[in-house]
4 protein chains.
Amino acid sequence: MSNLSPDLPAAEVFVEIPFHDVDLMGVAWHGHYAKYCEIARCALLDKFSYNYKEMKESGYAWPVIELKLRYAHPARLGQKIRIKAMLREYELHLKIDYLIADAETDERLSKGHTIQVPVDMRTQKMLFGAPPILYEKLGIGT
Amino acid sequence: MSNLSPDLPAAEVFVEIPFHDVDLMGVAWHGHYAKYCEIARCALLDKFSYNYKEMKESGYAWPVIELKLRYAHPARLGQKIRIKAMLREYELHLKIDYLIADAETDERLSKGHTIQVPVDMRTQKMLFGAPPILYEKLGIGT
Amino acid sequence: MSNLSPDLPAAEVFVEIPFHDVDLMGVAWHGHYAKYCEIARCALLDKFSYNYKEMKESGYAWPVIELKLRYAHPARLGQKIRIKAMLREYELHLKIDYLIADAETDERLSKGHTIQVPVDMRTQKMLFGAPPILYEKLGIGT
Amino acid sequence: MSNLSPDLPAAEVFVEIPFHDVDLMGVAWHGHYAKYCEIARCALLDKFSYNYKEMKESGYAWPVIELKLRYAHPARLGQKIRIKAMLREYELHLKIDYLIADAETDERLSKGHTIQVPVDMRTQKMLFGAPPILYEKLGIGT
């Protein structure tokens, strides 16, 4: 561990709440936020070239083992939201935090996180610690 | 064509419209019917042991190349619907018709069809005509 | 009918196939195209200011009574697609055609249409013919 | 607080993982568990007659403000899972725990919880504490 923690990558995406995501209350159904976060997460993973395709090529799958979402304010039909995904932990697993805000007013709407663990695709076993390829992709010395 | 057409298989499934499928109008969003039909289609394919797994083992994929749905009456939150899938054509492609009705009153709600074509998974080419395995599964002489 | 048919509006949107829309075959599951078309349809309806909100204010709902999709080529994970929605008929109902193509190569992937009918929200009865508000929104004399 | 805690209701539902819920890895995409939990939650709310319809009649909405899911083992295409929803807290909010297991082997697959808060539908304000109607529905003295 070091005082000079690396600058971990982040990414932002924008979603306009579509009609098919809106429930009887006129707001995006809470379960759809898993999709919004995934769109942001994939943009984040693309930033360090370790998205689904490169994960597979590297021999590791990274299943999501935890999803947590806190909803403070609903998102309404047609509302433009900004989802920011920020890599927070990478040594044992990939922990990504999400902030969801109104794209115009910046009002904080929701937040959440996901945790993904490395699984060796040949053995189907979970690794205790991220494989070297992740450090390499992040440009961080192990 | 023959007067002795084989008895083609059919299957029925039941779905209770869940909250997350209901739109602002209080009815199942029209796009979700592709899911309801798929649940019925898979039950139908199971009837002659040629569902996704067996298709893959047989070396053929059967992508849906056409989906048509006609909505006469909406299905409301919590409404129990019955989806009947009926195999209609199998020589060139799999054409399956769907009837969607209220499970209690039998009121006809919607109908539709899908068409799937055989694709050789090695060559990724479409076949002109169903492969022998389909006839075998259906118990029909070619 | 006239030789001088009005220039009917059209709209285009772009979608990048997300991980959660991709099936076991590695392509966008066929049912998700109802969402892609809806995103394009809403962009089209916005063009003449008659989207969900304005429909409701006008006292009419416009449920989709028919959806048809033809899939020629699959769309893969991460592929950018362009969905063009084109208003085709408006006198009896709203018929909208859709063309789905690869956003970069312009390769035609799929096409489809939807039909929506006007329903008086007070009486819940279907109208035989579009209400004057639609002509007004389209800038077309009745 | 009392040693005589009431027997809080629970409910179980069964889901067979459909093709359209399965991702490229051959397992139910993690975001779909929000749907599975909702189906179980609605069965639970029905047990004490306080599901969406009765909530609305009572003048209170109960938006989900927190969703947490922990995934231990994936659920595969066609796998039958059992989702048990258990009411855990009701004084300040509705906290419901979920256990997801293989329906045949009882192997524990995933778990999670949701928290819903009462919102007065006229004022759109959150209540600090459950309204009397919830106690009444649960058959618990306030």
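## A small sheet in chain D

Let us begin with an open sheet in chain D: its three strands follow the order E2-E7-E8, and their pairing is antiparallel. Strand E2 (60-61) and strand E8 (125-126) of chain D form the edges, each pairing on one side only. Please keep in mind throughout that this is a predicted model.

Strand E7 (residues 119-120) of chain D meets E8(D) in the antiparallel sense through two bridges. If you would like a residue to look for, Val119(D) stands opposite Met126(D) in E8(D).

## The sheet in chain C

Turning to chain C, we find an open sheet of three strands in the order E2-E7-E8, again with antiparallel pairing. Here the edge strands are strand E2 (60-61) and strand E8 (125-126) of chain C, and each of these pairs on one side only.

Two bridges link strand E7 (residues 119-120) of chain C with E8(C), in the antiparallel sense. A handy pair to locate is Asp120(C) and its bridge partner in E8(C), Lys125(C).

## Chain A as a whole

Chain A is a good place to get the overall fold. It holds three helices and eight strands, and from the N terminus on these elements run β-α-α-β-β-β-β-β-β-β-α. Taken along the principal axes, the C-alpha atoms of chain A fill a box of roughly 45 × 35 × 20 Å.

Chain A has 142 residues, of which 36% count as buried. As for its contacts between residues at least 6 apart in sequence, 66% of them join residues at least 24 apart.

## Helix H1 of chain D

Next comes helix H1 (residues 33-47) of chain D. Its 15 residues, at 1.5 Å a residue, should span 21 Å, and this agrees with the end C-alpha atoms, which are 21 Å apart. Just after H1(D), the backbone has a feature worth a glance: Ser49(D) takes a positive phi of about 55°.

Is H1(D) largely enclosed or open? Of its 15 residues, 11 are buried, so H1(D) is largely enclosed by the rest of the structure. The buried residues of H1(D) include Tyr33(D), Tyr36(D), Cys37(D), Arg41(D), Cys42(D), Leu44(D) and Leu45(D). Charged side chains appear there too, with Lys35(D), Glu38(D) and Arg41(D) among the buried residues. The cover over the buried residues of H1(D) includes strand E1 (10-16), strand E3 (64-71), strand E4 (80-89), strand E5 (94-102) and strand E6 (108-116) of chain D. Helix H1 (33-47) of chain A is also part of what covers them, so this helix of chain D brings us to the partner chain.

## Where chain D meets chain A

The contact takes 17 residues from chain D and 17 residues from chain A. On the side of chain D that touches chain A, H1 and E3 of chain D are the elements that give two or more residues. E3(D) supplies the largest share, eight residues. By class, that side of chain D has 10 nonpolar, two polar and five charged residues.

The strands themselves pair across the contact: strand E3 (residues 64-71) of chain A and E3(D) are joined in the antiparallel sense over five bridges. One such pairing sets Arg70(A) against its bridge partner in E3(D), Glu66(D).

## Symmetry of chains A and D

How are chains A and D related? A turn of 180° and a shift of 0.0 Å along the axis lay chain D on chain A with an RMSD of 0.0 Å. The two copies are thus related as by a two-fold rotation axis. Within chain D, the C-alpha nearest the axis belongs to Lys68(D), 2.2 Å from it.

The interface fits this picture. Of the interface residues of chain D, 100% are also interface residues in chain A, so the copies meet through the same surface.

## Where chain C meets chain B

Chains C and B form a contact as well, with 17 residues of chain C touching 17 residues of chain B. Helix H1 (33-47) and strand E3 (64-71) of chain C are the elements giving two or more residues to the side of chain C that touches chain B. E3(C) gives the most, with eight residues. That side of chain C divides into 10 nonpolar, two polar and five charged residues.

Strand E3 (residues 64-71) of chain B runs antiparallel to E3(C), and five bridges join the two. To find this pairing in the model, look for Leu69(B), whose bridge partner in E3(C) is Leu67(C).

Methods
Residues are numbered from 1 along each chain as its sequence is written. Chains are lettered from A and ligands numbered from 1 in the order in which they are written. This is a predicted model: local features need pLDDT of at least 70, side-chain atom pairs count only at pLDDT 80 or more; totals for chains, interfaces and linings use all residues. Two residues are in contact if their C-beta atoms, placed from the backbone, lie within 7 Å. Helices (H or I, at least four residues) and strands (E, at least two) are DSSP runs, numbered from the N terminus. Two strands pair if DSSP finds at least two bridges between them. Copies are superposed by least squares on the C-alpha atoms of residues with pLDDT of at least 70 in both. The expected span of a helix is 1.5 Å times one less than its number of residues. A residue is buried if 20 or more other C-beta atoms lie within 10 Å of its own, exposed if 12 or fewer, and partly exposed in between; C-beta atoms are placed from the backbone.
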